[in-house]
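Please read through the following structure one region at a time. Keep the sequence and the 3D view side by side as you go.

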Amino acid sequence: MDNNTSLIGRIERGEDISAEELSRLISSHTAEDLDYICGKANAVRKRIYGDDIYVRGLIEFTNYCRNDCLYCGIRRSNKNADRYRLTREQILDCCETGYVLGFRTFVLQGGEDGFYSDDDICRIVSEIKEKYPDCAVTLSIGEKSRESYRAYYNAGADRYLLRHETADNAHYAKLHPNELSLENRKRCLYDLKDIGYQTGSGFMVGSPYQTADTLAEDMLFLKELDPHMVGIGPFIPHHDTPFAAEKAGTLELTLFMVALTRLMLPHALIPATTALGTVAFDGRERGILAGANVVMPNLSPRDVRKKYLLYDNKICTGDEAAECRSCLERRMNGIGCRIAVTRGDYKQ
């Protein structure tokens with residue numbers, strides 16, 4: 001048994017792994033190691049979640065953002081972004097469409113847009129929960145105070161997604177403006193867990209200045225945080241950002257990190273991201289076969305989908321919600337999985 005195979009086995013058994021060992025595994029893994037770890041991760045997924053793939057209805061309700069992250073297409077400095085906001089009624093219409101199609105989780109995602117007050121968010125969440133009591137509501141609206149997070153939770157929000165993006169302070173500073181800090185991002189994540197949310201974190205693979213060492217730090221931070229959800233997708237440049245000329249992250253390394261996450265956090269809810277499907281036609285299927293167990297088709301109105309571009313060439317911006325749902329169902333069936341009409345909660 002070679003060193004990498006042995007190390008993968010130790011990770012699967014839940015043994016402590018050093019940053020140096022993780023970095024060496026990430027930097028030296030071969031195509032054979034990728035096949036091996038994906039097989040192991042897929043077996044763990046099936047053991048815990050069976051062949052059920054949980055579907056989330058994504059509603060991108062605003063592309064205004066106060067932040068200026070260097071990698072993001074809706075950063076505040078992008079004067080070419082075609083800005084929009086959905087009304088409360090439009091958001092509820094998206095939920096109604098999704099419910100009929102079998103969605104039992106709605107993900108409200110947007111830039112950090114001060115237009116929506118805490119009261120606005122609470123009202124939207126409570127109305128969704130009142131109308132669809134068998135559904136979960138996930139928020140992904142950035143860094144807030146503990147008091148704001150508590151208010152959303154009390155209004156009925158079940159889950160919160162906030163990717164940490166990188167757990168290395170120096171790397172974080174190269175991707176974000178000075179007013180943002182890794183320290184505050186981590187504070188938010190620990191607040192969310194403490195309040196009681198099913199909490200999601202995650203990171204980009206292949207972002208500028210990333211190394212095997214920074215990826216190792218990401219994995220150790222996730223093991224410490226022990227989130228319920230982990231979103232991992234390849235970095236894809238956007239033409240109106242400072243990183244426009246940077247190379248995209250690779251499918252292969254992203255799949256390796258997805259599989260590694262499944263072994264380190266066997267119960268986590270891990271999406272096969274839209275970004276994976278953007279870098280490869282079968283990227284989402286390969287994500288599932290690397291241990292992911294969630295897909296997130298878009299419920300946003302078709303006329304705004306092309307405006308919510310965090311990166312270039314995003315797929316499925318022209319499809320109706322029903323088309324996205326049926327397409328994903330066919331794709332999942334094609335690899336022996338099935339879309340589950342359920343909230344798809346984290347399994348202890």
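In which loop is Arg-76 found? The answer is the loop between strand E2 (57-62) and helix H4 (88-100). Keep in mind that the model is predicted. Arg-76 has a relative accessibility of 38%, so it counts as partly exposed; the partly exposed class lies between the buried limit of 20% and the exposed limit of 50%. Although Arg-76 and Tyr-64 are 12 residues apart along the chain, their C-alpha atoms are separated by 7.3 Å. Beyond its neighbours within four places in sequence, Arg-76 is in contact with Cys-65, Arg-66, Asn-67, Asp-68, Arg-83 and Glu-179. With one of these, Arg-66, the side chain of Arg-76 makes a link to the backbone oxygen at 2.7 Å.

Now take the whole chain. The protein chain has 14 helices and 9 strands. Its radius of gyration is 19 Å, close to the 20 Å that the globule rule gives for 348 residues, so the chain is as compact as a globular protein of that length. Along the principal axes, the C-alpha atoms fill a box of roughly 60 × 45 × 35 Å. Of the 348 residues, 59% are buried. Sequence distance can be considered too: among contacts between residues at least 6 apart in sequence, 75% join residues at least 24 apart.

Next comes the interior. In soluble globular proteins, nonpolar side chains tend to be buried together. Here the largest nonpolar core has 109 residues, and the members that touch the most other members are Ile-128, Leu-139, Tyr-152, Met-257 and Leu-260. Helix H10 (residues 251-264) gives the most to this core, with 9 residues. Tyr-152 can be followed outward through its contacts. Setting aside neighbours within four places in sequence, Tyr-152 is in contact with ten residues' worth of names worth finding in the view, including Asp-118, Ile-121, Cys-122, Val-125, Leu-139 and Tyr-197.Leu-139 leads to strand E4 (residues 136-140). Why is strand E4 described as largely enclosed by the rest of the structure? The reason is that 5 of its 5 residues are buried, so the strand is largely enclosed. Both faces are covered: Ala-136, Thr-138 and Ser-140 are buried on one side, and Val-137 and Leu-139 are buried on the other.

Strand E4 has strand partners. It pairs with strand E3 (residues 105-110) in the parallel sense, over 5 bridges. In this pairing, Thr-105 stands opposite Ala-136 of E4. From E3 the chain crosses through helix H5 (residues 118-131) to E4, and this β-α-β crossover is right-handed. E4 also pairs with strand E5 (residues 159-161), again in the parallel sense, over 2 bridges. Here Thr-138 has Arg-159 in E5 as its bridge partner. E4, helix H6 (residues 146-155) and E5 form a right-handed β-α-β unit.

Go back now to the beginning of the chain. Helix H1 (residues 3-12) has these buried residues: Asn-4, Thr-5, Leu-7, Ile-8, Gly-9 and Ile-11. They pack against helix H2 (19-28), helix H3 (31-49) and H10. H10 is also the helix that gives the most to the largest nonpolar core. At the start of H1, a side-chain oxygen of Asp-2 comes within 3.2 Å of the backbone nitrogen of Asn-4. Just after H1, Gly-14 takes a positive phi of about 80°.

Two residues that are not glycines have a positive phi as well. Glu-165 has a phi of about 75° and lies in the loop between E5 and helix H7 (169-175). Asn-313 has a phi of about 65° and lies in the loop between helix H13 (302-305) and helix H14 (321-333). Is each of them buried or exposed? Glu-165 has a relative accessibility of 8%, so it counts as buried. Asn-313, at 68%, counts as exposed.

Lys-314 is found in the loop between H13 and H14. At 13% relative accessibility, Lys-314 counts as buried. Its side chain and that of Glu-60 are joined by a polar contact of 2.7 Å. Apart from neighbours within four places in sequence, Lys-314 is in contact with Glu-60, Thr-274, Thr-278, Asn-298, Tyr-308 and Leu-309.

Notes
Residues numbered from 1 in each chain as written. Predicted model: local features only at pLDDT ≥ 70, side-chain atom pairs only at ≥ 80, totals over all residues. Heavy atoms only, no water. Core = buried A, V, L, I, M, F, W, Y, C linked by side-chain atoms within 4.5 Å. Buried < 20%, exposed > 50% of the residue type's maximum accessible area, 1.4 Å probe, protein only. Helix = DSSP H or I, 4+ residues; strand = E, 2+ residues; numbered from the N terminus. Contact = heavy atoms within 4.5 Å. Pairing = 2+ DSSP bridges. Right-handed = clockwise from strand over helix to strand, strands pointing away. Polar contact = N/O pair within 3.5 Å; in protein donor to acceptor, adjacent residues only side chain to side chain. Rg over C-alpha atoms; globule rule 2.2 N^0.38 Å.
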